[in-house]
Amino acid sequence: MKRTDVNELGEFGLIDHLVKGFKNHNKSTLKSIGDDAAIIKAGAGSVAISTDMLIEGIHFDLSYCPLKHLGYKSVIVNLSDIYAMNMLPSQITFSMALSNRFSVEALEEIYAGVKKACEIYKVDLVGGDTTSIPKGLALSVSALGYTEKLKDIVYRNGAKIGDVICVTGDLGAAYLGLQLLEREKQLFLNDNSIKPDFSGNQYVIERQLKPEARKDAIEYFRKSNLRPTAMIDVSDGLSSDLMHICKQSGVGAYLEESKIPLNAESKQLALEFNMDPVTCALSGGEDYELLFTVAPEDLDKIRFMPGAYIIGEITPEEDGVKLHTTGGNIHPLKAQGWNHF
Ligand code: ADP
Ligand code: MG
């Protein structure tokens, strides 16, 4: 039998390949695979559902990620996908596969983080699954939200030529936080007497270990009667996530490098690592900010949105996805999201 390596397809190519023969049998399936969450008709409204898995050694490293933060983050990354549909999450399920390395006390720590996230984001833990695994730890969280206002739901495919591209906060910090944690871990492994030094870098560490989801943005949209035309959460990096909006909307984009929000601490740290802070924003990921597009007539509503930045404009598909650099050049943007394989 032919053997194809999954790397030949990449994460998104693999999913497309595996699900291409599937047809939906239910009219209630309003939105299937391909967005931040699926949308299912339920009674007078509809339910959004999203699932994410976190695996030890791939998504987290317990040598520097506290268990409580891990529990917190595993919930946040799922809530973020529901917010990205312009909906509010209301329930989660939490599943875990454990090896015998984990004590009750360790699991209590994870659950303390889950509880904190449930309290802050006002969501209910309604179930899950617990099983064993020969090695390591795997967590899987699903989040659900409900709305009766179907018109409020925002998909990745609604961006129109002339829409402005916006993002809710600075990008690249979570990636730089990870680089710093990895560097300090290696130093410590080489010489146990070296204590990790995170002074002056609290922001990037927190962005990596304890991200937040942008509930406030969805609340702002509601308050100001604003419906973005398309939206996605920035989990794979600005570049890859903007490409998803463009591909699904059948449009191009013009991104202004100078407008991409960067935190001062991130910029400083990027220099230390000999990296370009903009590249970190474009390709880093795990920022869990919301990337969205807004019709030009709604521009005034965005100007006064706290923490929101206008970073570009939607263009015709044939113009491609371009980055206008600070140096005045125009480059085609490449999607360089995470490759887990
Ligand atoms: P996100 O980054 O927003 O969590 P993903 O990139 O993980 O989204 O997934 C993109 C889409 O593919 C989603 O609709 C997701 O539900 C779907 N998907 C991911 N993995 C699988 C799979 N193994 N089988 C079916 N659908 C999948
Ligand atoms: Mg997402």
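I began by fixing one term: two strands pair if DSSP finds at least two bridges between them. With that in hand, and keeping in mind that the model is predicted, I looked up Ile92 and found that it stands opposite Leu125 in β5.

**Entry 1, the sheet**

I then traced the whole sheet, which is open and is formed by 6 strands in the order β1-β2-β3-β6-β4-β5, with mixed pairing. I noted that β1 (29-31) and β5 stand at the edges with a single partner strand each, so one side of each is left without a neighbour in the sheet. From one strand to the next, I read an average twist of 25°.

**Entry 2, strand β4 and its partners**

I asked myself how many residues of strand β4 are buried. Strand β4 spans residues 89-98, and 7 of its 10 residues are buried, so I logged it as mostly covered, with buried taken as under 20% relative accessible area.

Next I checked the sense of each pairing, since strands of a sheet pair through backbone hydrogen bonds, either parallel or antiparallel. Toward strand β6 (residues 137-147), I found that β4 runs antiparallel and is joined by 9 bridges. Within this pair, I wrote down Met96 as standing opposite Leu139, and Phe94 as having Val141 for its bridge partner in β6. Toward strand β5 (residues 124-132), I found the parallel sense, over 8 bridges, and it is to this pair that the Ile92 and Leu125 entry above belongs.

**Entry 3, helix α3**

I followed the chain through helix α3 (residues 104-121) and recorded that β4, α3 and β5 make a right-handed β-α-β unit. On the sheet itself, the pairing order again being β1-β2-β3-β6-β4-β5, with β1 and β5 at the edges, I looked for what α3 touches. I found that α3 packs on the sheet in contact with β4, β5 and β6, and that its direction makes about 170° with that of β4.

**Entry 4, helices around α5**

How do helix α4 and α5 pack, and what is the angle? I read about 100° for helix α4 (residues 173-190) against α5, with their axes 7 Å apart, which makes α4 roughly perpendicular to α5. In this contact, the residues of α4 include Ala173, Tyr175, Leu178 and Leu181, while those of α5 include Tyr203, Ile205, Arg207 and Leu209. By class, I noted 11 nonpolar, 2 polar and 1 charged residues in the contact of α4 with α5.

I then turned to helix α8 (residues 264-272), which packs with helix α5 (residues 202-209) at an angle of about 100°, their axes being 8 Å apart. I therefore logged α5 as roughly perpendicular to α8, too. Here Gln202, Tyr203 and Val204 in α5 meet Glu265, Ser266 and Leu269 in α8, and by class this contact holds 3 nonpolar, 2 polar and 1 charged residues.

**Entry 5, two asparagines with positive phi**

I looked up Asn86, in the loop between α2 (67-83) and β4, and found its phi near 65°, a positive value in a residue other than glycine. I asked whether Asn86 is buried or exposed; because its relative accessibility is 4%, Asn86 counts as buried.

Asn274, in the loop between α8 and α9 (277-283), has a positive phi of about 60° although it is not a glycine. Its relative accessibility is 74%, so I entered Asn274 as exposed.

Methods. Residues numbered from 1 in each chain as written. Chains lettered and ligands numbered in written order. Predicted model: local features only at pLDDT ≥ 70, side-chain atom pairs only at ≥ 80, totals over all residues. Heavy atoms only, no water. Buried < 20%, exposed > 50% of the residue type's maximum accessible area, 1.4 Å probe, protein only. Right-handed = clockwise from strand over helix to strand, strands pointing away. Axes fitted to C-alpha atoms, helices over the stretch in contact; angles between N-to-C directions. Parallel < 35°, antiparallel > 145°, perpendicular 65-115°, else oblique. Contact = heavy atoms within 4.5 Å. Nonpolar A, V, L, I, M, F, W, Y, C, P; charged D, E, K, R; others polar.
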